[in-house]
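Here's a quick briefing on how the strands pair up and where the backbone does something unusual. Have the structure open while you go through it.

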Amino acid sequence: MNASNLIPVAVINPDAPPESLEAKQPAIDNGARNHGKAGYFSHDYMQKEWERVWTKSWLIAGVASDIRAVGDYFLFDIGQESIIVTRTDEGVRAFYNVCSHRGAKLVSEERGNKKVFVCPFHAWSFHNNGDLRRITDEETFQPEVIAHRPGLTAVRCEVKAGVVFICMDDEAAPLAQMLGLPDNYLEGYNIDDMRVVRHVRSEWQANWKVGVEAFYESYHLHVVHPETRGVMGDLNVQYDLYPHGASRMIVPLGQPSPRVADQETVNEGLCMMLEDAGVDPASFTGSAADVRGAIQKGKRERAERMGLDYSRFVDGQLSDSWATGVFPNVQMGCHPEAVFLMRFLPHETDPERFYYDTMTLLFPVESPDYRPPAWMGLPDGTDVTGLTRPATEYYAHNEDAKLGQVLSQDSDLLPIVQQGMRSRGFSGQLWGEQEQRLRHFHVELEKRMGIEH
Ligand code: FES
Ligand SMILES: [Fe+2]
């Protein structure tokens with residue numbers, strides 16, 4: 001293979017009209033600078049990120065399907081803050097999870113249904129729209145202390161395509177201006193009709209950006225995840241950069257990597273993918289090059305049989321992974337059947353740790369013999385009926401988070417990257433064009449950090 005074959009200018013569908021979601025986006029020149037490594041270790045930098053990024057940006061707090069009934073709530077914990085996100089009579093609202101009397105944390109259970117929040121300290125209570133409901137022994141307060149009827153402090157909150165965003169900055173531009181993704185990009189997936197069937201949060205020993213970076217490129221797949229070579233076109237990836245740090249990579253699935261010599265054999269992994277798409281591998285007569293097309297066709301036919309409208313999806317969306325990044329800390333693996341929402345959450349105090357938080361969302365299926373596609377990595381026996389929202393599974397850094405093979409390979413690797421980067425012999429990352437999403441992310445991060453060059 002000569003070098004020019006390696007330049008990642010892949011376009012998944014050259015015939016896609018420019019306004020289609022599939023179209024290759026115009027290139028953005030983010031320069032070629034080395035961004036250094038100060039941001040991965042220092043408490044001071046971490047604090048500045050808190051002040052300039054986390055508290056100023058729109059952040060994905062969760063999904064609206066987790067709070068369908070009035071009174072349903074979940075907690076979104078980020079850094080040292082905890083935020084209550086709840087459905088009120090007037091829609092979804094968010095509040096800091098703190099009592100206005102003496103600052104006790106108001107709610108501890110991660111989710112539930114409450115129309116009234118009662119403080120565990122002196123039992124002040126608040127309506128779920130944030131209004132003060134009752135002050136215990138109110139007559140014992142001097143009237144001017146409580147004259148402003150201290151309710152809960154609101155946090156800005158917007159729901160977009162079934163995803164709940166919050167922003168702690170009252171001055172920030174509205175979400176619609178800051179999201180960066182094209183209109184109707186997320187809407188097509190009907191996330192509102194999906195249900196969280198698994199939610200895992202595990203602690204990894206690396207800075208949160210090392211996590212983002214590892215999931216924003218397909219360059220490491222052939223090394224760290226060699227089992228993907230038979231089924232992922234890791235060099236045929238389309239990278240797209242959007243405004244405000246958002247980005248996307250389309251990884252074609254159902255085809256062998258161009259790195260492998262055998263482009264003919266329908267290997268075991270491809271057979272599994274055919275099967276997942278409702279195509280019988282035993283009677284499949286094509287070669288490896290035909291599998292991706294057969295998956296698309298199989299899924300479209302199956303959708304028709306099931307009465308599902310797939311007309312809004314282009315063929316590539318049926319077979320490929322559209323890994324979509326929302327600044328600062330989210331990647332969503334978008335598929336017609338499922339969305340894999342991953343968040344890289346900073347540790348409360350340690351710049352060299354983060355929480356890898358993943359939610360798997362599926363359309364609820366009540367049929368008892370339904371098996372979710374293997375690529376989702378759901379443990380056997382996962383309840384996919386959507387009837388019960390599973391509790392978040394928490395894992396410490398040294399515990400096996402049962403994330404499946406691919407993610408365990410990443411969680412083993414990331415601490416090695418973090419450790420190596422500490423060395424005096426390393427002065428900052430050198431990104432190739434397969435890593436253009438990383439550069440795009442860092443350019444946006446530095447802009448928000450106010451770092452000038
Ligand atoms: S701190 Fe909440 S009632 Fe006192
Ligand atoms: Fe990986």
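**Strand pairing and backbone oddities**

Phenylalanine 95 sits across from alanine 154 of strand 9. That contact belongs to the pairing of strand 4 with strand 9, an antiparallel match held over two bridges. Bear in mind that this is a predicted model. The notes below take the seven-strand sheet, then the three-strand sheet, then a few loop residues.

**The seven-strand sheet**

- Seven strands make up an open sheet in the order 1-10-9-4-3-2-5, and the pairing is antiparallel.
- At its edges you'll find strand 1 (59-63) and strand 5 (111-113), each pairing on one side only.
- Going from neighbour to neighbour, the strands of this sheet are turned by 30° on average, ignoring direction.
- Strand 3 (residues 81-88) lines up antiparallel with strand 4 (residues 91-96), with six bridges between the two.
- The two make a hairpin: strand 3 and strand 4 have two residues between them.
- In that pair, threonine 88 faces glycine 91 of strand 4.
- Strand 9 (residues 154-160) is also joined to strand 10 (residues 163-167), running antiparallel with five bridges.
- There, lysine 160 is opposite valine 163 of strand 10.

**The three-strand sheet**

- Strands in the order 6-7-8 form an open sheet of three, again with antiparallel pairing.
- Why do strand 6 (116-118) and strand 8 (132-134) each have a side without a neighbour in the sheet? They stand at the edges and have a single partner strand each, so one side of each is left free of a neighbour in the sheet.
- The twist from one strand to the next averages 30° here.
- Strand 6 and strand 7 (residues 125-127) run antiparallel and are joined by three bridges.
- Two phenylalanines meet across this pairing: phenylalanine 117 stands opposite phenylalanine 126 in strand 7.

**Loop residues worth a look**

- Alanine 123, in the loop between strand 6 and strand 7, has a phi near 65°, which is positive even though the residue isn't a glycine.
- Alanine 123 counts as partly exposed, because 13 other C-beta atoms lie within 10 Å.
- Aspartate 137 is another non-glycine with a positive phi, at about 50°.
- You'll find aspartate 137 in the loop between strand 8 and helix 2 (143-146).
- Is aspartate 137 buried or exposed? It counts as exposed, with 8 C-beta neighbours inside 10 Å.
- The peptide bond from phenylalanine 327 to proline 328 is cis, its omega being near 0°.
- Proline 328 itself lies in the loop between strand 14 (321-326) and strand 15 (330-334).

Methods: Residues are numbered from 1 along each chain as its sequence is written. Chains are lettered from A and ligands numbered from 1 in the order in which they are written. This is a predicted model: local features need pLDDT of at least 70, side-chain atom pairs count only at pLDDT 80 or more; totals for chains, interfaces and linings use all residues. Two strands pair if DSSP finds at least two bridges between them. Helices (H or I, at least four residues) and strands (E, at least two) are DSSP runs, numbered from the N terminus. Axes are lines fitted to C-alpha atoms, for helices over the stretch in contact, and angles run from 0 to 180 degrees between N-to-C directions. A residue is buried if 20 or more other C-beta atoms lie within 10 Å of its own, exposed if 12 or fewer, and partly exposed in between; C-beta atoms are placed from the backbone.
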